Amino acid sequence: MNAEIITIGDEILIGQILDSNSKWIAIELNKIGISIYQITSIQDDKQHILKAVREAQLNVDIVIVTGGLGPTKDDITKLTLAQYFNDELILNNEVLDDIKQMFAKINYPFTEVNKNQALIPSKCIALKNGYGTAPGMWFEEGGKVVVSLPGVPNEMKGLMAESVIPKLKNTFKLPYILHKTILTYGMGESMVAERLEDWENNLPTFIKLAYLPAYGKLRLRLTAKGDKLEVLEEGIQKEVESLVKIIPDIIEGFDENETLEVVIGRLLRDKKRTLATAESCTGGNIAKIITSVPGSSNYFLGSIVAYQASIKINELKVDERLIAKYSVVSSQVAEAMAKGIRKKFNSDYAIATTGNAGPTADLTDETVGTVFIAIASENGIISQEFNFGKPREKVIERASVKALEMLKKEILKNK
């Protein structure tokens with residue numbers, strides 16, 4: 001069972017807004033066994049909409065359209081779909097009553113423009129919108145479905161959850177789709193693929209493997225699809241167990257809620273330990289990652305972004321002579337920063353980063369991409385040198401991930 005998502009709006013195509021609707025819809029459809037064949041973003045243009053829907057129906061069973069259902073003249077989706085289905089707009093009194101009641105609740109005047117929202121194609125089933133004035137529209141023809149939804153995210157989500165998903169489940173016999181994500185750190189995609197070659201070649205036909213690389217980390221996603229849930233669950237579990245035996249040294253967690261920052265947070269909380277960071281080249285990114293975890297205030301004390309040498313000297317008490325002798329991009333300065341932030345915040349652990357993120361090397365002799373990371377604890381200070389290459393974004397992200405990897409190892413060493 002395949003679906004295509006079509007988002008309508010010039011604001012998407014000129015980069016004014018990000019198309020988050022497609023991502024959300026894709027996730028929800030996948031949960032009920034519907035695979036996404038294609039996602040298309042198009043203009044607010046009648047011919048473009050007609051062409052996109054026509055082509056989508058040639059390829060898929062379900063077409064989900066979002067956008068262009070407002071009361072103004074530039075919102076043309078409703079009229080265009082009426083033309084596509086050789087239909088006409090009629091006043092739907094049930095929709096009209098819903099709109100009037102909504103306006104009455106908020107004490108807002110009802111106008112003729114708002115009345116236009118109750119004009120819908122006669123062949124469609126109106127889907128009640130409890131969050132706005134534009135109803136969703138469900139068209140069914142030749143065993144295929146076209147659903148039109150507002151582009152406003154909260155309205156679209158409400159209609160999907162309350163009307164579209166239940167109706168799709170009742171209309172189609174849907175398969176099961178299961179995903180299992182394995183999070184790995186510290187090894188590139190090609191090296192991991194080489195280690196997994198024999199295992200991957202022997203996967204059951206109903207299980208597929210996808211490599212999802214990012215700076216400093218790699219997600220391995222196993223996807224199983226079929227009609228028997230028990231078979232899929234057993235198959236996924238068996239392959240995960242095999243995978244763990246092949247690459248135990250780089251696996252950090254499972255699924256999206258087992259990221260490195262989540263694991264570190266759990267370790268710190270369980271051991272009743274605290275953390276502080278002193279960041280130069282990473283510019284506060286490590287602190288941002290750590291605090292993205294709910295409840296991180298239980299173990300994360302705070303951070304100083306010591307971008308300039310004067311801040312390293314005045315706030316972290318890094319000796320000026322150390323900087324003069326080794327430069328700010330050095331293991332000596334990284335270790336001094338870690339020691340300084342740990343003392344200043346009285347934390348159990350501290351992370352410090354200093355390096356050249358690029359595009360220039362500023363006043364140091366080190367090449368762009370060079371980063372020194374230090375971890376301080378009651379057992380002392382360790383530091384390592386890395387070269388993460390270019391561009392700047394890559395250096396910052398990889399340095400942040402590597403710092404967390406180093407921290408985790410230190411926490412596990414300190415019983």
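A pocket, as I use the word here, is an open set of grid points with protein on both sides within 12 Å along at least five of seven lines, and a lining residue has an atom within 4 Å of one of those points. I'm working on a predicted model, so every value below is computed.

**Entry 1: the largest pocket**

I started with the largest pocket. Which residues lie nearest its centre? I found Ile27, Asn30, His179, Thr181 and Arg221 there, out of twelve lining residues. Three elements give two or more residues to this lining: α2 (20-31), β9 (176-185) and β11 (217-226). The largest share is from β9, which supplies four residues. I also noted the volume, about 420 Å³. By character, the lining splits into five charged, four nonpolar and three polar residues.

**Entry 2: cavities**

Next I looked for closed spaces. How many cavities of 30 Å³ or more does the whole structure have? The search gives two. I picked the second largest cavity, with about 50 Å³ of space. Its lining is made of Leu69, Lys78, Gln117, Ile120, Ala134, Pro135 and Met137. Sorting these, I get five nonpolar residues, one polar and one charged.

**Entry 3: strand β13**

Then I turned to β13 (275-279). How many of its residues are buried? Five of its five are, so I wrote it down as mostly covered, with buried taken as under 20% relative accessible area. I checked the two faces separately. Leu275, Thr277 and Glu279 sit on one side, Ala276 and Ala278 on the other, and all of them are buried. For a partner strand I found β14 (residues 300-305), which pairs with β13 in the parallel sense over five bridges. One bridge I traced by name: Ala276 has Gly302 of β14 as its partner.

**Entry 4: Ser280**

I stayed in that area for Ser280, found in the loop between β13 and α12 (285-291). Is Ser280 buried or exposed? Its relative accessibility is 6%, so it counts as buried. What does the Ser280 side chain reach? It reaches the backbone oxygen of Ala306, at 3.4 Å. Leaving aside neighbours within four places in sequence, I listed the residues in contact with Ser280: Ala306, Tyr307, Lys312, Met337, Thr353 and Thr354. Ala306 therefore turns up twice in my notes, as a contact and as the residue whose backbone oxygen the Ser280 side chain reaches, with Ser280 itself buried.

**Entry 5: backbone oddities**

Last, I went looking for backbone angles that break the usual pattern. Most residues other than glycine have a negative phi, and most peptide bonds are trans.

- Asn86 isn't a glycine, yet its phi is positive, about 50 degrees. I placed Asn86 in the loop between α4 (77-84) and β4 (89-91). With a relative accessible area of 67%, Asn86 is exposed.
- Lys317 isn't a glycine either, and its phi is positive at about 60 degrees. Its loop runs between α13 (309-316) and α14 (320-326). Lys317 has 65% relative accessibility, so I put it down as exposed.
- Which two residues does a cis peptide bond join? Lys390 and Pro391, with omega about 0 degrees. Pro391 is in the loop between β17 (380-387) and α16 (392-413).

Technical notes: Residues numbered from 1 in each chain as written. Predicted model: local features only at pLDDT ≥ 70, side-chain atom pairs only at ≥ 80, totals over all residues. Heavy atoms only, no water. 1 Å grid on protein atoms, 1.4 Å probe; cavity = no way out; pocket = protein on both sides within 12 Å on 5 of 7 lines; lining within 4 Å. Points joined across faces, edges and corners; volume = space filled by probe spheres on them. Nonpolar A, V, L, I, M, F, W, Y, C, P; charged D, E, K, R; others polar. Buried < 20%, exposed > 50% of the residue type's maximum accessible area, 1.4 Å probe, protein only. Polar contact = N/O pair within 3.5 Å; in protein donor to acceptor, adjacent residues only side chain to side chain. Contact = heavy atoms within 4.5 Å. Pairing = 2+ DSSP bridges.
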